[in-house]
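This report looks at the hollow spaces of a protein and at the ligand that comes with it. Please keep the sequence and the structure in view while reading.

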Amino acid sequence: MKIYVDSADMAEIENGLALGLCDGVTTNPTLIAKTGKSMDAAIKDICSVVDGDVHAEVLSLDAEGIYKEGKEFAKVADNIVVKIPMCHEGLKAVKRFSDEGIKTNVTLIFSTSQAILAAKAGASNVCPFVGRLDDISSPGNELINEIVTVFDNYPTIESEIIVASIRNPLHVVEPALAGAHIFTIPGGVLAQMEKHPLTDIGIAAFLEDAKKFT
Ligand code: G3P
């Protein structure tokens, strides 16, 4: 199992690193925009502290444009993974990057058929969005179950599943039970995962009892 930080915020990323809970980082244009930095500056800052994979998302929607953007990202650091929105032209670019040994993540996956195509095109990662499916009353974890089953059925598929759009701890626990490989988690959800009210009650009781020591 790997845990990534789903953020472009350096404080959140550094917190994940300090906890040993940052095997990599995923970003997207929305997360970069929140930092107030340019895409290049944000990606360089993240790569300066993270040794694991750093996912940088292209904006182009044609195969040639995606390829050029991805090649520029790949110059920033060896640990860049080119993140490409699921689309026909994107799959062409994935194949080209795969032939050159450049890692890719096909993002915005909302169906098993999309995951199959991305994996077969040579994507290192497929990125299903569980929270956004739950938002429209389509259970996100059913998609994870299906993709895990299909990938397990075909051991030649090397793509790893990154569970994304994680909004609460169950979005980690249920896909973990299904056998997903990687969980990209926002800082707020990481903090929620630490907490249990019985733990807090237990700590308070131990400290209270410790006052009775002779
Ligand atoms: O990694 C993709 C993720 O950041 C999307 O999350 O909450 O915007 O659906 P959300």
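Which residues lie nearest the centre of the second largest pocket, and how many residues line it? In this predicted model, the second largest pocket is lined by 17 residues, and those nearest its centre are Gly-122, Ala-123, Ser-124, Glu-158 and Ser-159. Its volume comes to about 340 Å³. Strand S1, which covers residues 2–6, and helix H6, which covers residues 112–121, each contribute at least two residues to the lining of the second largest pocket. When the lining residues of this pocket are divided by class, five are nonpolar, six are polar and six are charged.

**The largest pocket and the ligand**

The largest pocket holds about 410 Å³ of space, and the ligand sits in this pocket. Its lining is made up of 22 residues, among which Asp-6, Asn-28, Leu-31, Lys-34 and Pro-186 lie nearest the centre. Two helices, H1 (10–18) and H2 (29–35), each supply at least two residues of the lining of the largest pocket, and the largest share, four residues, comes from H2. Sorted by class, the lining of the largest pocket has eight nonpolar, seven polar and seven charged residues.

Turning to the ligand itself, the residues around it are Asp-6, Asn-28, Lys-83, Phe-129, Arg-132, Ala-164, Ser-165 and Arg-167. By class, this shell consists of two nonpolar, two polar and four charged residues. For three residues of the shell, the table gives the distance between an oxygen atom of the ligand and a side-chain atom of the protein.

| Residue | Side-chain atom | Distance to a ligand oxygen atom |
|---|---|---|
| Asp-6 | N or O atom | 2.7 Å |
| Asn-28 | N or O atom | 3.3 Å |
| Ser-165 | polar atom | 2.6 Å |

The protein also covers much of the ligand's surface: taken alone, the ligand exposes 310 Å², and the protein buries 81% of that area. Asp-6 and Asn-28 are worth finding in the structure, for they are named among the residues nearest the centre of the largest pocket and are also listed among the residues around the ligand.

**The cavity**

Besides these pockets, how many cavities of 30 Å³ or more does the structure hold? The structure holds one such cavity, and the largest cavity has a volume of about 40 Å³. The residues that line the largest cavity are Val-130, Asp-134, Gly-140, Asn-141, Leu-170, His-171, Glu-174 and Pro-175. Three helices give two or more residues each to this lining, namely H7 (130–135), H8 (140–153) and H9 (170–178). Of these, H9 gives the most, with four residues. By class, the lining of the largest cavity has three nonpolar, three polar and two charged residues.

To go back over the spaces in the structure, a reader can begin at the largest pocket, where the ligand sits, continue to the second largest pocket, with Gly-122 and Ser-159 among the residues nearest its centre, and end at the largest cavity, where H9 gives the most to the lining.

Methods. Residues numbered from 1 in each chain as written. Predicted model: local features only at pLDDT ≥ 70, side-chain atom pairs only at ≥ 80, totals over all residues. Heavy atoms only, no water. Near = heavy atom within 4 Å. Polar contact = N/O pair within 3.5 Å; in protein donor to acceptor, adjacent residues only side chain to side chain. Areas by Shrake-Rupley, 256 points an atom, 1.4 Å probe, with all protein chains shown as cover. 1 Å grid on protein atoms, 1.4 Å probe; cavity = no way out; pocket = protein on both sides within 12 Å on 5 of 7 lines; lining within 4 Å. Sits in = over half its atoms within 2 Å of the grid points. Nonpolar A, V, L, I, M, F, W, Y, C, P; charged D, E, K, R; others polar. Points joined across faces, edges and corners; volume = space filled by probe spheres on them.
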